[in-house]
Amino acid sequence: MTSVSVKDLRLSFGQVTVLDQLNLDIQEGEFLVLLGSSGCGKSTLLNCIAGLLDITDGQIFINGRNVTWDEPKDRGIGMVFQSYALYPQMTVEKNLSFGLKVAKLPQGEIDKRVARAAEILQIGPLLKRKPSELSGGQRQRVAIGRALVRDVDVFLFDEPLSNLDAKLRSELRVEIKRLHQSLKNTMIYVTHDQIEALTLADRIAIMKGGVIQQLADPNTIYNAPRNMFVAGFIGSPSMNFLKGEIATGADGKTVFVAGGVTFSLNGYRAGDPLLPGRKVVLGVRPEHVAVDEAAAGGELHEAVVDIEEPMGADNLLWLKHAGHTMAVRTAGSRRFRPGTKVRLSFDMSLASLFDAATEERI
Amino acid sequence: MSDRGHLKKTAHLAEVPAALEAGPRGAKPRRLVSTRTIVVYGTLFVAAAYYLLPLYVMIVTSLKGMPEIRVGNIFSPPLEITFEPWVKAWSSACTGLNCDGLSRGFWNSVMITVPSTIISIAVASINGYALSNWRFKGADIFFTILIVGAFIPYQVMLYPLVIVLREIGLYGSLAGLVIVHTIFGMPILTLLFRNYFASLPEELFKAARVDGAGFWGIFLKIMVPMSLPIFVVAMILQVTGIWNDFLFGVVFTRPEYYPMTVQLNNIVNSVQGVKEYNVNMAATILTGAFPLLVYFVSGRLFVRGIAAGAVKG
């Protein structure tokens with residue numbers, strides 16, 4: 001069943017149109033991540049769903065109800081903000097119960113809900129404290145609790161972990177995932193962090209310039225990006241792009257030629273026919289290149305190690321190959337001196353081909 | 001010998017020559033007297049004396065009897081301290097019409113200042129909140145008009161306002177003067193509150209909306225409790241401004257409602273009899289004492305960091 005549905009959404013501020021003809025359906029219990037760099041419209045979209053921004057055109061449905069003109073409080077949503085947005089003059093307990101008091105719920109019910117949220121988030125001992133006496137992680141937990149007590153179907157997260165340091169961020173990330181697994185609410189989560197997106201999401205919507213570039217599960221987004229923007233945005237370091245063209249090889253098979261080097265396309269499943277002479281871009285992720293050994297169905301290419309970046313578990317090599325600089329991920333135990341000549345092989349079944357003009361996947 | 005050499009090598013500073021080791025170490029010493037400190041403290045002292053000397057003369061003169069003042073040295077401390085001038089200034093100095101001193105003006109000023117301050121701050125804070133958080137249609141135009149109002153000289157508006165107040169029947173009354181003060185405080189106070197509310201994290205406002213609080217709920221339960229510092233600033237501005245006002249007080253009220261400043265002027269400028277400098281000085285200090293007191297008391301209320309903890313700080 002559809003939980004949240006956005007139909008033909010348009011939002012303009014005067015002459016500037018931020019979102020245009022945006023459609024999005026989110027299933028009940030789904031964890032959807034809106035991913036994009038700053039200014040791509042992801043937070044704007046979330047604010048529209050929350051009712052904090054008045055839309056220009058289109059409709060928004062939540063749980064089968066048309067909420068397009070409803071106030072935020074009537075939409076059945078809870079929201080968690082990047083800056084926590086806790087009321088500084090109130091204790092944690094009052095922060096949690098504020099919305100329920102405004103809604104004039106009976107005190108017994110308020111106490112019950114606050115106690116339940118405090119138990120789930122393990123903030124019971126903090127209830128009498130003020131937000132200024134809490135650490136960043138505790139504050140964000142309280143902020144999540146404030147959404148929790150509202151007993152709503154849809155949770156909206158607006159970059160909730162961006163203000164935390166790396167260690168706390170990964171801890172709370174796991175906690176949010178656990179929360180989703182136990183509550184099974186619909187969650188819409190805005191972030192610019194691809195790790196958060198890949199680890200948390202059932203589906204990811206990658207946005208750029210107010211347009212959803214691709215909406216798919218993390219695996220599809222990672223391995224079969226629909227265009228070069230998605231391919232380059234996801235993955236760190238970025239996918240290697242080689243500009244070249246399609247040609248016919250000596251044995252009559254279709255090959256890819258870039259910088260005078262020929263790549264066989266064995267194992268690549270193209271959606272479009274690959275006609276010789278077509279200008280294309282080959283995208284290969286750093287971990288889909290093998291060093292000094294033949295990958296499945298690949299052939300060997302010579303390259304020179306330029307820079308080595310040991311990262312503990314991995315060892316990242318920057319290589320010069322066929323006139324390009326290419327990033328390759330190897331095991332951390334393997335070390336290479338700069339200037340070393342190595343042989344590469346590419347796993348074409350995991351590579352991507354893009355049209356050079358449209359930048360769309362072929 | 002070789003053993004000692006070995007030991008020295010393992011010690012960390014073994015490589016540093018003894019001459020360098022004897023050099024500077026620890027905190028850099030500061031010279032107590034330097035050209036810089038002399039210039040800084042000298043300037044501060046002169047500036048302080050410039051402002052304190054008149055105050056000294058006033059206090060000293062107000063404590064002298066008239067015969068002593070006639071001797072002529074205004075800087076000399078009183079030989080015989082008397083509080084007679086203070087009592088007279090407060091309760092029996094004559095303004096030509098009546099002889100009950102400043103006390104009448106004091107209570108008038110209180111009755112003008114207190115409601116004017118409360119009403120103007122209440123209205124301006126709501127204005128500022130609406131302008132910064134609820135971007136209603138025409139908010140920018142409204143705000144621009146309000147700010148332009150702050151730049152128009154008072155004198156231009158004086159006569160039209162007199163006519164308006166006369167037409168609505170409030171000319172000469174305390175209520176009329178309170179309205180005038182409230183109106184004239186509006187541009188600067190609205191600007192003050194608008195900028196302060198705009199500096200509060202917008203997400204707090206959004207969170208309160210998701211929690212279901214409305215226009216007044218957010219204002220009274222979220223915004224006002226976070227805004228004590230700016231309310232204190234506005235209060236100081238209004239209290240001192242209205243208390244020290246002379247022009248509106250003399251234009252918009254009848255003599256029986258004259259504020260303290262006008263009363264002071266009438267006492268000092270009354271032409272009958274001898275000029276009683278000691279009474280005049282005492283009356284002036286009494287008039288200025290109230291704003292001074294407000295500064296001292298509310299300075300402590302300047303609690304900063306009220307918003308700490310709302311956002312990552």
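**Exercise 1. Classify the packing of α2(A) and α3(A): which orientation do the two helices have to each other?**

*Solution.* α2(A) and α3(A) are oblique to each other. The steps below show how this follows in the predicted model.

Step 1. Find the helices. α2 of chain A covers residues 92–102, and α3 of chain A covers residues 107–121.

Step 2. Take the geometry. The angle is about 135 degrees, and the axes are 10 Å apart.

Step 3. Apply the cut-offs. Angles over 145 degrees count as roughly antiparallel, and 65 to 115 as roughly perpendicular. The angle of about 135 degrees fits neither range, so α2(A) and α3(A) are oblique.

Step 4. Add the handedness. α2(A) and α3(A) cross in a right-handed way.

Step 5. List the contact residues. α2(A) supplies E93(A), L96(A), S97(A), L100(A) and K101(A). α3(A) supplies I110(A), R113(A), V114(A) and A117(A).

Step 6. Sort them by class. This contact has 5 nonpolar, 1 polar and 3 charged residues.

**Exercise 2. Do likewise for chain B: what is the orientation of α9(B) to α12(B)?**

*Solution.* Step 1. α9 of chain B spans residues 174–199, and α12 of chain B spans residues 228–244. They pack at about 160 degrees, with axes 11 Å apart.

Step 2. That angle makes α9(B) roughly antiparallel to α12(B), because the cut-off is over 145 degrees.

Step 3. The crossing of α9(B) and α12(B) is right-handed.

Step 4. From α9(B), the contact uses H181(B), G185(B), L189(B), L192(B), F193(B) and Y196(B). From α12(B) come I230(B), V233(B), A234(B), Q238(B) and I242(B).

Step 5. By class, the contact holds 8 nonpolar and 3 polar residues, with no charged ones.

**Exercise 3. Describe the contact between the chains: how many residues does each chain give?**

*Solution.* Step 1. Chain B gives 21 residues and chain A gives 23.

Step 2. On the chain B side, the elements giving two or more residues are α10 (202–210) and α11 (215–223).

Step 3. α10(B) gives the most to this side, with 6 residues.

Step 4. The chain B side divides into 13 nonpolar, 3 polar and 5 charged residues.

**Exercise 4. Check two annotated spans of chain B: what share of residues 141–162 is helix?**

*Solution.* Step 1. Start from the record. An unreviewed UniProt entry annotates "transmembrane region" on chain B, including residues 141–162 and 214–237.

Step 2. Residues 141–162 of chain B are 91% helix and 0% strand, with end C-alpha atoms 27 Å apart.

Step 3. Residues 214–237 of chain B are 79% helix and 0% strand, and their end C-alpha atoms lie 30 Å apart.

Terms used: Residues numbered from 1 in each chain as written. Chains lettered and ligands numbered in written order. Predicted model: local features only at pLDDT ≥ 70, side-chain atom pairs only at ≥ 80, totals over all residues. Axes fitted to C-alpha atoms, helices over the stretch in contact; angles between N-to-C directions. Helix = DSSP H or I, 4+ residues; strand = E, 2+ residues; numbered from the N terminus. Parallel < 35°, antiparallel > 145°, perpendicular 65-115°, else oblique. Left-handed = near helix turned anticlockwise from the far one by under 90°. Contact = placed C-beta atoms within 7 Å. Nonpolar A, V, L, I, M, F, W, Y, C, P; charged D, E, K, R; others polar. UniProt positions renumbered as here; feature names shortened; annotations may be inferred.
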